Amino acid sequence: MVLADSKLGFGLLRLPRKGLSYDWKGIGRMVDRFMELGGNYFDTCPTYLNGASEEGIRRCVAMRKPRESFRVADKLPGYQCGGSADCKRALERALTSCGVDYFDVYMLHWLNGAHYRMAQQHGQFEFLQEAKAAGLARRIGFSYHDNAELLARILDDHPEVDVVQLQVNYLDWDTPGIESRACYETCVQHGKKVIVMEPLKGGSLAQIPAAARSVLATIHPDWSPADWALRFAQTLPQVEVCLSGMTALSEVNANCQPFEPLDAAEIEVLLGIRSAVAGRTAVPCTGCGYCLPHCPQGIPIPTYFGMLNEIARHPEEGWKVGPAYARTCATSPTPSECIECRACEAHCPQGISVSTRLKDVVRKLG
């Protein structure tokens, strides 16, 4: 069965581990299956998994597949760069790390107000154009985490970009601070194709409350909650690629189903269950890990937030979460060791008040 009209892409932000390393053989099998089913788009970034994401592209894709058979999107962390010389070094390093001689899509990573000012100051959009002219990037753009008003200004200032990578899912469709709908519509108005990230919101939309799940099952009993969420993003006409951070072969098989777009009535049903889904999510963490390098205490923040969400969604299974929490606290810094420096919060795409929510973890689990 080959993907038909699917927009699914493989995001390498979350990869399965094997012991202290990554399960490269298992990841290779996932890549093989994804491509057997018709997929060919892979997304990475130098900052993902401390470089292991790009290593995964090189080991599991570039060294094993003909270059014309796959597409790779990578990103320039402009907030770590100055002018053209820094950007050039970053691009050359990324090409080497991924084992390719050009990127199909090359983007500025994680634009928001502060990062956009840096990009403007250091001519980073001009660098993207130079990379495209030199054949090192087929298309250019940026990944984005801010409001629709700023997005409109960026696209007015830089009509040369080809694509915008946005967080789009049905839960965040009208969420203040993320503004999935408004940002998507801004791209439509400017004629820019959209690459979707977090369609499952870090996997949380694959594990929705039973009441919400039953509503969806009355319409399509053979669709999983993840099917609904992925179809929502892929149904949007301006969406070109919908990324899924798959971590197991079973997820590849499940997500690579023939695509059936939602109709207007199905979209209304999906939007109608948002309050039930949000009500069972304690903290809107997607597990991206952007906070981790900036915590001076080394607290595994996403791990603790994942446990808090598990308790919120399945309170009857607290007996399972409690021992896992105790083991994590025994081997890692605990939530109560947070010094409230808030360094992590400046790097959270979801705008979470991390120090405050870590106190919730202590109250609930500690």
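A salt bridge is taken here as a side-chain nitrogen of Lys or Arg within 4 Å of a carboxyl oxygen of Asp or Glu. The model examined is a predicted one, in which local features need pLDDT of at least 70 and side-chain atom pairs count only at pLDDT 80 or more, while totals for chains, interfaces and linings use all residues. Residues are numbered from 1 along each chain as its sequence is written, and side-chain values use heavy atoms, with hydrogens and water left out.

A helpful place to begin is the barrel. Eight strands form a closed barrel in the order β1-β4-β5-β6-β7-β8-β9-β10, with parallel pairing. On average, neighbouring strands of this sheet are turned by 30° against each other, direction ignored; axes are lines fitted to C-alpha atoms, for helices over the stretch in contact, and angles run from 0 to 180 degrees between N-to-C directions. Helices (H or I, at least four residues) and strands (E, at least two) are DSSP runs, numbered from the N terminus, and two strands pair if DSSP finds at least two bridges between them.

Strand β1 has two partners described here. With β10, β1 pairs in the parallel sense over three bridges, and Gly-9 has Leu-243 as its bridge partner in β10. Two bridges join β1 to β4, again in parallel, with Gly-11 opposite Asp-43 of β4. Both faces of β1 are covered: Leu-8 and Phe-10 on one side, and Gly-9 and Gly-11 on the other, are all buried (buried means under 20% relative accessible area, exposed over 50%, partly exposed in between, with a 1.4 Å probe and protein chains only). In a regular strand the side chains alternate between the two faces of the sheet.

Moving along the barrel, β4 (residues 41–43) runs parallel to β5 (residues 71–76) and is joined to β5 by three bridges. Within this pair, Tyr-41 has Arg-71 as its bridge partner. Helix α1 (residues 24–36) packs on the sheet, touching β1 (8–11) and β4, and its direction makes about 170° with that of β1; contact means heavy atoms within 4.5 Å.

Just before this helix, the loop between β3 (21–22) and α1 holds Asp-23. Asp-23 is buried yet has no salt bridge, and the nearest side chain of opposite charge, Arg-29, is 4.5 Å away. Lys and Arg count as positive and Asp and Glu as negative, whereas His and the chain ends are not counted. A polar atom of the Asp-23 side chain lies 3.0 Å from the backbone nitrogen of Gly-26. Apart from neighbours within four places in sequence, Asp-23 is in contact with Pro-16, Arg-17 and Lys-18.

Salt bridges appear elsewhere, and the structure holds 18 of them. One joins Asp-162 and Lys-132 (3.0 Å, N to O). Asp-162 lies in the loop between α6 (148–157) and β8 (163–167) and Lys-132 in helix α5 (residues 124–133), so this pair ties together parts that are 30 residues apart in sequence. Asp-162 is partly exposed at 21% relative accessible area, as is Lys-132 at 32%.

Another salt bridge joins Arg-139 and Glu-240 (2.7 Å, N to O). This pair links distant parts of the chain, with Arg-139 in strand β7 (residues 137–144) and Glu-240 in strand β10 (residues 239–244), 101 residues apart. Glu-345 and Arg-342 also meet in a salt bridge (3.1 Å, N to O); Glu-345 counts as buried at 19% relative accessibility, whereas Arg-342 is partly exposed at 39%. Finally, Asp-32, Arg-64 and Lys-65 are linked in a network of salt bridges.

Methods. Polar contact = N/O pair within 3.5 Å; in protein donor to acceptor, adjacent residues only side chain to side chain.
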